[in-house]
Amino acid sequence: MGAPPAQQTAGAVSEMSDEIRISGKTLSRRELEELASGVEPVELADCALEEADLARLQLAGWTFRQCRLAGASFEKAGLEETRFLGCRGAFAVFSGADLTSALFQGCDFNNSAFLRARLGTARFE
């Protein structure tokens, strides 16, 4: 018998009543757009998003936990209150993104671009 719809073998996907949690997956732009179109908060844990195109997506309130984001583009994305926890994202692009009240905790975003990003009340710890 196959795995239930909320569980997949190539990474885990679980849906709780108020949050979607995805771990250990590589996600396409299309999958990210589908997730962004929902109203539930999303947590991505240990996901591979190197060189991912997340430009102009509305990802407010999302959590990225220990994700690999090297070279990812968040250009002009809505990232208000988004949490980046233990992520690695050298050369990621946040140009023009809204990072109001975002949290970067224990992350390495060396050589990343934040040109014209809104960083009001963003925290880097």
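This is a short presentation on the core, the cysteines and three individual residues of a predicted model.

Good morning, colleagues. Let me begin with the interior. The largest nonpolar core has 32 residues. Those with the most contacts inside this core are Leu 44, Phe 64, Leu 69, Phe 74, Phe 84 and Phe 94. Strand β2 (19-23), helix α1 (29-36) and strand β3 each supply at least two residues of this core. Which element gives the most? Helix α1 does, with three residues.

Leu 69 deserves a moment of its own. Leaving aside its neighbours within four places in sequence, Leu 69 is in contact with Leu 49, Glu 50, Phe 64, Phe 74, Phe 84, Cys 87, Arg 88, Gly 89, Ala 92 and Phe 109. Among these partners, Phe 64, Phe 74 and Phe 84 also appear in the list of core residues with the most contacts.

I turn now to the cysteines. How many disulfides does the structure hold? The count is zero. For Cys 47, the nearest cysteine sulfur belongs to Cys 67, at 4.8 Å. Why do Cys 67 and Cys 47 not form a bond? The 4.8 Å between their sulfur atoms is too far, because a disulfide requires the two sulfurs to be within 2.5 Å. Both residues are nevertheless covered: Cys 47 is buried, at 0% relative accessibility, and Cys 67 is buried as well, at 1%.

Next, a glutamate. Is Glu 43 buried or exposed? Glu 43 counts as buried because its relative accessible area is 7%, and the limit for that label is under 20%. Glu 43 sits in strand β3, which covers residues 42-45. Beyond its neighbours within four places in sequence, Glu 43 touches Glu 19, Ile 20, Arg 21, Ile 22, Thr 63 and Arg 65.

Finally, I would draw your attention to two backbone positions. Most residues other than glycine have a negative phi. Glu 81, however, has a positive phi, near 60°. Glu 81 lies in the loop between β4 (63-65) and β5 (83-85), and with a relative accessibility of 55% this residue counts as exposed. Thr 121 likewise has a positive phi near 60° and is not a glycine. Thr 121 belongs to the loop between β6 (103-105) and β7 (123-124), and Thr 121 is exposed, at 60% relative accessibility.

To close, I would ask you to keep two pictures in mind: Glu 43 buried within its strand, and Glu 81 exposed in its loop. Thank you for your attention.

Note on methods: Residues are numbered from 1 along each chain as its sequence is written. This is a predicted model: local features need pLDDT of at least 70, side-chain atom pairs count only at pLDDT 80 or more; totals for chains, interfaces and linings use all residues. Side-chain values use heavy atoms; hydrogens and water are left out. Helices (H or I, at least four residues) and strands (E, at least two) are DSSP runs, numbered from the N terminus. Buried means under 20% relative accessible area, exposed over 50%, partly exposed in between (1.4 Å probe, protein chains only). Contact means heavy atoms within 4.5 Å. A nonpolar core is a set of buried Ala, Val, Leu, Ile, Met, Phe, Trp, Tyr and Cys residues joined through side-chain atoms within 4.5 Å.
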